[in-house]
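Let's walk through this one together, question by question. Have a look at the sequence and the model first, then we'll dig in.

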Amino acid sequence: DTAGKTITCRAAIAWKEKSPLKIEEVQVEPPKSGEVRIKMASTGICGTDDHVLKGDLSMKYPLIPGHEGAGIVESVGDGVCSVKPGDKVLTLIVPQCGECDACLHCLGNFCDKQDILPCSGVMMDGTSRFSYRGQTVYHSFRTSTFTEYTVVPEFAVVKIDDAAPLDKVCLISCGVPTGYGAAVNSAKVTPGSTCVVFGLGGVGSAIVMGCKASGASRIIGVDINEQKFCRARALGVTDCLNPTKLQKPVQEVVMEMTGVGANFAFEAIGKIETMLAAWNSCNNSYGVCLIVGVAPVNTQLCLQAVSIVSGKTLKGVCLGDYKTKDCIPQLVTDYLQNKINIDPLVTHQLPFNELHKAMKLYYKGKTIRCVLLF
Ligand code: COD
Ligand code: ZN
């Protein structure tokens, strides 16, 4: 029985920005009051983790990255009542504390207790549960899933169906709801509409699934990596564009293809240039541009001021507008009932100790999602 004891286990540490991850032996303290310790079963490698490794988000190093995780509760701290040891759970990068303004407002989901913007790297009491030979190792987003054991606040974990296959449903912790929800909840894509999706990675692919499920009749996919096109077509993309092979800016090509601009444009890359291209691909009057990607901190998005007055909408969306603790378990159940199919997004599965191979596949653009298994 490990409850109440410090656990020594393997975890991937980013010692500083722009340096390769290293698998090390770390100590994981027991959960304090209001916290949950999880034995990880799987984790996805998400674009946001890459932002962390590159240093695009201001974080404290050394840290344990990862946020798209599934596992089983090992032990809980005092006062925890929504999960118990043995429960299958997902980690929540966007938590739901149930008490802040965003949680109490019917339209809000960006919970005050999130630790993304900015990232403190510590638990609510200001300390970390991770250490390496006595040295503090920080949390990322209060999730840190690239580890055999992690500790998260109770508001950043949710119980899911006992029948859920843990080697896949980790995607429902972030990538799937982020993309799918952007289309169905936030944009509310309408039947017969034309959509354009910038970035056909894990998140962009889930956006495509949401557009298709909403009855979009044309879905234009944009990516600089043509390896993504075949799988994107299988998910519902009707036209593929590689901006590096076009004679004109991609937004001009979208305007020509559609005549009037797209009804809905989504940015799922996290770059200013593609955010502007998405905005300029939308219909001038009723187009809606959804920014899903997270741009580097301290960058500015400069729009031509008059471009908004004709009526188009610019909207940001985080984790698909879902109130996570309330809605994520239902998405898992929907998957088990074949109402949503995440299988095509899991293109690779590798054991945790093959992390470096997994990162290589990710950087080569070979994966939609590579899931690491513990
Ligand atoms: N033009 C076109 N495509 C590009 C370009 C470009 N200039 N640059 C890169 N791409 C393509 C890549 O080839 C790749 O296919 C795709 O963009 C990115 O995909 P991935 O697999 O690297 O990344 P994803 O899909 O896992 O995530 C992408 C996001 C940008 C959405 C991600 O980084 C992000 O910001 N996610 C967080 C969103 C969120 O809500 N998080 C919750 C907390 S806010
Ligand atoms: Zn993510």
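Q: Which of the 28 residues around ligand 1 come nearest?
A: Keep in mind that we're looking at a predicted model. A residue makes the list here if one of its heavy atoms lies within 4 Å of the molecule. Of the 28 residues around ligand 1, the nearest are Thr-48, Asp-223, Ile-269, Tyr-362 and Arg-369.

Q: Which helix supplies the largest share of the shell around ligand 1?
A: Three helices each give at least two residues to that shell: H1, helix H4 (202–213) and helix H7 (272–279). The largest share is three residues, and the helix they come from is H1.

Q: How do the residues of the shell around ligand 1 divide into nonpolar, polar and charged?
A: Gly goes in with the polar residues in this count, while Tyr and Cys go in with the nonpolar ones. On that basis, the shell around ligand 1 splits into twelve nonpolar, eleven polar and five charged residues.

Q: How much of the accessible area of ligand 1 does the protein cover?
A: Start with some polar contacts. A backbone N or O atom of Gly-47 sits 2.9 Å from an oxygen atom of ligand 1, and a polar backbone atom of Leu-319 is 3.3 Å from an oxygen atom of the ligand. The side chain of Thr-48 has an N or O atom 2.8 Å from a nitrogen atom of ligand 1. On its own, ligand 1 has 920 Å² of accessible area, and the share covered by the protein is 91%.

Q: Which residues coordinate the zinc ion (ligand 2)?
A: Along the chain, the donors follow the spacing C-x20-H-x106-C. The donor atoms are two SG and one NE2, at 1.9 to 2.4 Å from the metal. The residues are Cys-46, His-67 and Cys-174.

Q: How many residues apart are Cys-46 and His-67?
A: Cys-46 is in the loop between strand S3 (35–44) and helix H1 (47–54). His-67 is in the loop between strand S4 (63–64) and strand S5 (69–76). The pair links distant parts of the chain, and the separation is 21 residues.

Q: Is His-67 buried or exposed?
A: Buried means under 20% relative accessible area. Cys-46 comes in at 2%, so Cys-46 is buried. His-67 has a value of 0%, so the verdict for His-67 is buried.

Q: What are the edge strands of the five-strand open sheet?
A: The order in this sheet is S1-S2-S7-S8-S4, with mixed pairing. An edge strand here pairs on one side only. That picks out strand S1 (7–13) and S4.

Q: In which sense do S4 and strand S8 pair, parallel or antiparallel?
A: Look at the partners in S8: Leu-63 bridges to Tyr-138, and Ile-64 bridges to His-139. S4 and strand S8 (residues 135–139) pair over two bridges, and the sense is parallel.

Q: Which residue in the turn between S7 and S8 has a positive phi?
A: S7 and S8 pair in the antiparallel sense over three bridges, and one of the bridge pairs is Tyr-132 with Gln-135. The two strands form a hairpin with two residues between them. The turn residue with a positive phi, about 45°, is Arg-133.

Q: Is Gly-126 buried, partly exposed or exposed?
A: You'll find Gly-126 in the loop between helix H2 (101–104) and strand S7 (130–132). Buried would be under 20% and exposed over 50%. Gly-126 has 45% relative accessibility, so Gly-126 counts as partly exposed.

How values were computed: Residues are numbered from 1 along each chain as its sequence is written. Chains are lettered from A and ligands numbered from 1 in the order in which they are written. This is a predicted model: local features need pLDDT of at least 70, side-chain atom pairs count only at pLDDT 80 or more; totals for chains, interfaces and linings use all residues. Side-chain values use heavy atoms; hydrogens and water are left out. Donors are N, O and S atoms within 2.8 Å of the metal (3.2 Å for Na, K and Ca); water is not among the atoms, so sites may look incomplete. Helices (H or I, at least four residues) and strands (E, at least two) are DSSP runs, numbered from the N terminus. Buried means under 20% relative accessible area, exposed over 50%, partly exposed in between (1.4 Å probe, protein chains only). Two strands pair if DSSP finds at least two bridges between them. A polar contact is a pair of N or O atoms within 3.5 Å; within protein, one must be able to donate a hydrogen and the other to accept it, and residues adjacent in sequence count only if both atoms are side-chain atoms. Accessible areas come from the Shrake-Rupley method with a 1.4 Å probe; for residues, only the protein chains shown count as cover.
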